[in-house]
Amino acid sequence: MKTKEDFLNGQILLIDKPLEWSSFQAVNALKWAIRKKFDLKKIKIGHAGTLDPLATGLLIICTGKFTKKIPELQGQIKEYTGTFTLGATTPSYDLETEVNQTYPTEHLTETSIKEATKEFLGEIEQIPPIFSALKKDGKRLYEFAREGKEVDIKSRKITISEFEITRIQLPEVDFRVVCSKGTYIRSLAHDFGKALGSGAHLSALRRTKIGDFNVNNATTPLVFKENL
């Protein structure tokens with residue numbers, strides 16, 4: 001059992017974030033559980049890399065003095081698995097918004113789908129989604145998006161070291177991606193759909209690894225609370 005001192009001196013906690021929870025909610029759940037258990041007025045706690053509410057999987061949460069390690073952990077290579085739905089796009093590039101355009105998929109073959117992954121390997125330029133928390137002129141991009149405003153978003157250099165298709169059951173395609181910090185899998189879904197001439201959006205996402213940390217060793221916020 002961990003003591004109050006353990007949490008204050010610093011812990012790296014591996015959490016499997018549930019669907020529809022924000023990363024902030026997960027951090028908050030742990031914070032309140034630790035404070036209540038040890039009767040603490042306050043404790044430093046934060047996460048190393050946000051996961052969207054519609055994604056599940058590995059969230060690294062640092063407590064106490066280990067919050068200093070967050071920037072280093074955020075910079076690590078990440079692995080994701082998930083599903084792209086081909087034949088349709090959405091403004092947010094995922095299921096947060098409704099389908100805004102549909103495309104034919106009859107021309108797609110297993111070979112063309114697998115071949116298209118090669119275009120995205122290595123260092124590439126990627127434009128982040130307009131529905132993201134990145135800031136421009138002091139405002140978050142998703143605020144512009146919700147107001148229906150056009151924004152010029154600069155592309156950024158990212159690296160994709162592995163990109164494989166693990167299942168094809170059209171319109172769904174499952175994938176596994178290993179990528180650098182700052183990669184948006186939603187943008188990858190959108191760009192992949194463009195490359196195939198079929199449109200695509202992200203319909204499921206799970207973060208499985210951050211550096212050497214694996215979601216297989218993670219616990220849900222509720223289980224963490226019960227085992228404190």
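On one side of helix H2, Phe24, Trp32 and Lys36 are exposed, where exposed means over 50% relative accessible area, buried under 20%, and partly exposed in between (1.4 Å probe, protein chains only). The model is predicted, with local features needing pLDDT of at least 70, side-chain atom pairs counting only at pLDDT 80 or more, and totals for chains, interfaces and linings using all residues. Residues are numbered from 1 along each chain as its sequence is written, and side-chain values use heavy atoms, with hydrogens and water left out.

The other side of H2 holds Ser23, Ala26, Val27, Leu30, Ala33, Ile34 and Phe38, which are buried. They lie on the same side of H2 because they cover an arc of only 130 degrees around the axis, the arc being that of the directions from the helix axis to the C-beta atoms. An α-helix has 3.6 residues a turn, so residues three or four places apart point the same way. The cover over the buried residues of H2 includes helix H1 (4-9), S1, strand S2 (45-47), strand S3 (55-63) and H7; contact here means heavy atoms within 4.5 Å. Helices (H or I, at least four residues) and strands (E, at least two) are DSSP runs, numbered from the N terminus.

The length of H2 (residues 23-38) agrees with expectation, because its 16 residues at 1.5 Å a residue should span 22 Å and its end C-alpha atoms are 23 Å apart. The expected span is 1.5 Å times one less than the number of residues. Just after H2, Asp39 has a positive phi of about 55 degrees.

S1 and H7 appear again at the second largest pocket: strand S1 (12-17) and helix H7 (221-227) are the elements that give two or more residues to its lining. S1 supplies the largest share, 4 residues. This pocket has a volume of about 210 Å³ and is lined by 13 residues, with Lys2, Phe7, Leu13, Phe224 and Asn227 nearest its centre. A pocket is an open set of points on a 1 Å grid over the protein atoms alone where a 1.4 Å probe fits, with protein on both sides within 12 Å along at least five of seven lines; lining residues have an atom within 4 Å of a point. The volume is the space filled by probe spheres set on the points.

The largest pocket contains about 910 Å³ of space. Of its 31 lining residues, Thr50, Leu51, Asp52, Tyr184 and Arg186 are the closest to its centre. Strand S4 (78-86), helix H5 (141-146), helix H6 (185-196) and strand S12 (200-210) each supply at least two lining residues.
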